[in-house]
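Trainee: I would like to learn how to read salt bridges, cysteines and empty space in a model. Could you take me through them one by one?

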Amino acid sequence: MKEELRFETRAVHAGRKADAATGAVAQPIYLSTTFEREADGSFPSGYIYSRSANPNRAALEACLCSLEGGAAAIAFASGSAATMSVFQALAPGAHVIAPEDVYYGTKLQLQDLFARWGLEASFLDLSDLDAVQAALRPNTQLVWIETPSNPLMKITDIAAVSAIAHQAGARVIVDSTWATPLLQSPFLLGADLILHSSTKYLGGHSDVLGGVLVANAEDEFTARIRTLQGAGGAVPSPFDCWLVLRGIQTLPWRMRAHSDNAARVAAYLHGHPRVERVFYPGLADHPGHEVAARQMKGFGGMLSVQIAGGAEAAMNVAANVQIFTRATSLGGTESLLEHRASIEGPHSQTPRNLLRVSVGLEHADDLIADLEQALG
Ligand SMILES: *Cc1c(COP(=O)(O)O)cnc(C)c1O
């Protein structure tokens, strides 16, 4: 797909063409695990065995590669499986710098799984550029950025952190799940790899797990991740790939609506007497607002809110909502709300009176009216 075509056009067409055998406009789901070879042993279709490559996965990867402007995209069974492959691709004894509020599953992998294999990790506030500089070690191979972050919506300056990391010879990966390829283009800011949990906005309907890594170069590191995909086998099923690719077709339109709705809900909560604080990068008083306005095309559909009166008051609001669903995750059409500290467990650093909100695609007036009655 030509890169000069606009995002909306690529979201609909990249990786897709009518089926050569039947003319079907929507790609068939290729459940076959194995593919026939020619008499001479060749396989001109490019497919041999579905763990190594599958037509539905190839279509999804081509689309994501185009949307991020990358050199390669590699799809996994979940965002967490994609994350694992990055750590597994590092050389033994490597050091990783990650945000202190990195997605808790990513932190769990670094601390519980990979520490046993000799991977070192430092967790810090990546908005403090001096701290990033000071944390670099001779064996620092990777700086992990997640922006906006979870659940305080911290914004990391991707260009500034990439420049520091590259001077030290470290790769930079951006977990861009919350921003999506529409709102943030990490490769244009210097990143080397982009991670998405496609479970969220890419799938967009809370009905499929998936993850993807996009690389800006076909280098040795990318080749190793592809080997981990095929030989490690944490691959998405053909139907998973089909669902994510179907979701991506409407991604730009959904993201604009998510962002508009979230901005309205954030503005409403911001002025409410029962609200202590709202975390949304679109608000002018958000500490990351300036960087977000520079590096994002919109502020996204996620926000967090601290309710005045402590944990009990926050739990009461969660108990009283009618349209919002009390559930974890994000990025679906339905609005979700959760008491984040309960989800994260006993080691959570999240304030006890904080609710995390994934603003969906309902009418903003209905969402605001629901919060109005729940806040009481
Ligand atoms: C959900 C999420 C992940 C993990 O993805 P799964 O698909 O649940 O494995 C990683 N990073 C962020 C920012 C997420 O929101």
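Mentor: We will go through charged pairs, then cysteines, then pockets and cavities. Keep in mind that this is a predicted model.

Trainee: Let's start with the charged pairs. How many salt bridges are there?

Mentor: The general idea is that side chains of opposite charge can pair when their charged atoms come close. In this structure the count comes to 12 salt bridges. One of them joins Asp219 and Arg171, with 3.3 Å between the closest N and O atoms.

Trainee: Which parts of the chain does the pair of Asp219 and Arg171 tie together?

Mentor: Asp219 sits in the loop between strand E7 (211-215) and helix H8 (220-232), and Arg171 belongs to strand E5 (residues 171-175), so the bridge ties together parts 48 residues apart in sequence. Asp219 is partly exposed at 30% relative accessibility, and Arg171 is partly exposed too, at 28%.

Trainee: And what about Arg264 and Asp365, how far apart are their closest N and O atoms?

Mentor: Those atoms are 2.7 Å apart in the salt bridge between Arg264 and Asp365. This pair links distant parts of the chain, with Arg264 in helix H10 (residues 251-270) and Asp365 in helix H14 (residues 364-375), 101 residues apart. Arg264 has a relative accessible area of 39%, which makes it partly exposed, and Asp365 is partly exposed at 41%.

Trainee: Where do Glu344 and Arg340 lie relative to each other?

Mentor: Their side chains form a salt bridge, at 3.1 Å from N to O. Both are in helix H13 (residues 340-344), and because they are four residues apart, about one helical turn separates them. Shared partners then join Glu338, Arg340, Glu344 and Arg356 into one network of salt bridges.

Trainee: Is Arg340 buried or exposed?

Mentor: Arg340 is buried, with a relative accessible area of 1%.

Trainee: Now the cysteines. Why does the sulfur of Cys63 form no bond with that of Cys65?

Mentor: For a disulfide, look for two cysteine sulfur atoms within 2.5 Å. The closest cysteine sulfur to that of Cys63 is in Cys65, 9.9 Å away, so the two are too far apart for a bond. The structure holds zero disulfides. Cys63 is buried at 0% relative accessibility, and Cys65 is buried with a relative accessible area of 14%.

Trainee: On to empty space. What is the volume of the largest pocket?

Mentor: In general, rolling a probe the size of a water molecule over the atoms shows where empty space is left. Here the largest pocket has a volume of about 550 Å³. It is lined by 21 residues, and Tyr104, Lys107, His347, Ser348 and Gln349 are the closest to its centre. Helix H4 (residues 104-114) gives the largest share of that lining, five residues. Domain 1 (7-248) and domain 2 (251-375) each supply at least three residues to the lining, which by class has eight nonpolar, seven polar and six charged residues.

Trainee: How many cavities of 30 Å³ or more does the structure hold?

Mentor: It holds two. The largest cavity has about 60 Å³ of space, and residues lining it include Pro99, Asp125, Glu146 and Lys154. Its lining divides into three nonpolar, three polar and five charged residues.

Trainee: Which residue classes line the second largest cavity?

Mentor: The lining has nine nonpolar residues, with no polar and no charged ones. Among them are Leu269, Val317 and Leu337. The second largest cavity has about 50 Å³ of space.

Terms used:
Residues numbered from 1 in each chain as written. Predicted model: local features only at pLDDT ≥ 70, side-chain atom pairs only at ≥ 80, totals over all residues. Heavy atoms only, no water. Salt bridge = Lys/Arg side-chain N within 4 Å of Asp/Glu carboxyl O. Helix = DSSP H or I, 4+ residues; strand = E, 2+ residues; numbered from the N terminus. Buried < 20%, exposed > 50% of the residue type's maximum accessible area, 1.4 Å probe, protein only. 1 Å grid on protein atoms, 1.4 Å probe; cavity = no way out; pocket = protein on both sides within 12 Å on 5 of 7 lines; lining within 4 Å. Points joined across faces, edges and corners; volume = space filled by probe spheres on them. Nonpolar A, V, L, I, M, F, W, Y, C, P; charged D, E, K, R; others polar. Domains from an automatic or database assignment.
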